[in-house]
Amino acid sequence: MAAQFPSLERAQPPDLRQLVRDIPDFPKPGILFRDLTPLMRDPLGWQEVMRRLAQVCERLQPDLIVGIESRGFIVGTALATVVELGFVPVRKPGKLPGQVRGVDYALEYGSDRLEIQHDALADGARVLIVDDLLATGGTAAACAQLVEEAGGALCGFGFVAELAGLEGRRRLPDGQPVESLIIYS
């Protein structure tokens with residue numbers, strides 16, 4: 001006998017903010033961590049995230065979705081599936097096979113590197129960069145630089161949540177649309 005699944009349609013969309021759990025003092029004292037895993041676990045909430053990000057895609061018309069390691073893979077592959085576009089991962093060093101392009105970028109205390117397969121965007125595809133959270137903006141800005149160096153045409157950013165007090169938008173390229181579904185002041 002086949003399993004019965006409930007309808008995912010609801011008259012009132014869920015309040016996404018209510019599905020995010022606040023965890024004080026994680027990963028270290030003084031930090032308030034915004035845990036999106038309860039939102040991902042809620043099928044109606046996650047469907048609403050995808051519906052709203054699909055609207056962003058409709059406005060910006062990307063050819064490809066680029067997701068930043070690692071939670072950007074969760075958001076990006078789900079979105080790419082919903083809007084029927086390809087997905088391209090941007091990863092930490094040494095994780096992608098074949099030739100890669102990379103960009104080094106500064107962190108608050110040190111540096112890091114992102115990589116993409118060298119031919120992933122060689123055709124000048126319009127790219128929407130997605131991730132779960134916009135905080136200081138350093139990783140997203142580095143990803144934007146990498147997309148452009150790899151031959152892609154950046155058309156914007158999509159985030160599930162944003163910590164506005166950290167002013168991450170200021171680090172992103174001027175004139176690029178930035179859409180965040182939940183904004184924490």
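How buried or exposed is Phe-87? Phe-87 is partly exposed, because its relative accessible area is 25%, and that class lies between buried, under 20%, and exposed, over 50%, with a 1.4 Å probe and protein chains only.

Before I go on, please keep in mind that this is a predicted model, in which local features need pLDDT of at least 70, side-chain atom pairs count only at pLDDT 80 or more, and totals for chains, interfaces and linings use all residues. Residues are numbered from 1 along each chain as its sequence is written, and side-chain values use heavy atoms, with hydrogens and water left out.

A search of the whole structure finds 3 aromatic pairs, where rings of Phe, Tyr and Trp (its six-membered ring) pair if their centres lie within 6.5 Å, and planes under 30 degrees apart count as stacked, over 60 as edge-to-face and the rest as tilted. One of them joins Phe-73 and Phe-87, and it is edge-to-face because the centres are 6.0 Å apart and the planes stand at 85 degrees. This pair links distant parts of the chain, with Phe-73 in helix 3 (residues 71–83) and Phe-87 in strand 4 (residues 86–90), 14 residues apart; helices (H or I, at least four residues) and strands (E, at least two) are DSSP runs, numbered from the N terminus. Phe-73 counts as buried, because its relative accessibility is 19%.

In another pair, Phe-157 and Phe-159 have ring centres 6.1 Å apart and planes at 10 degrees, so they are stacked, and both residues are buried.
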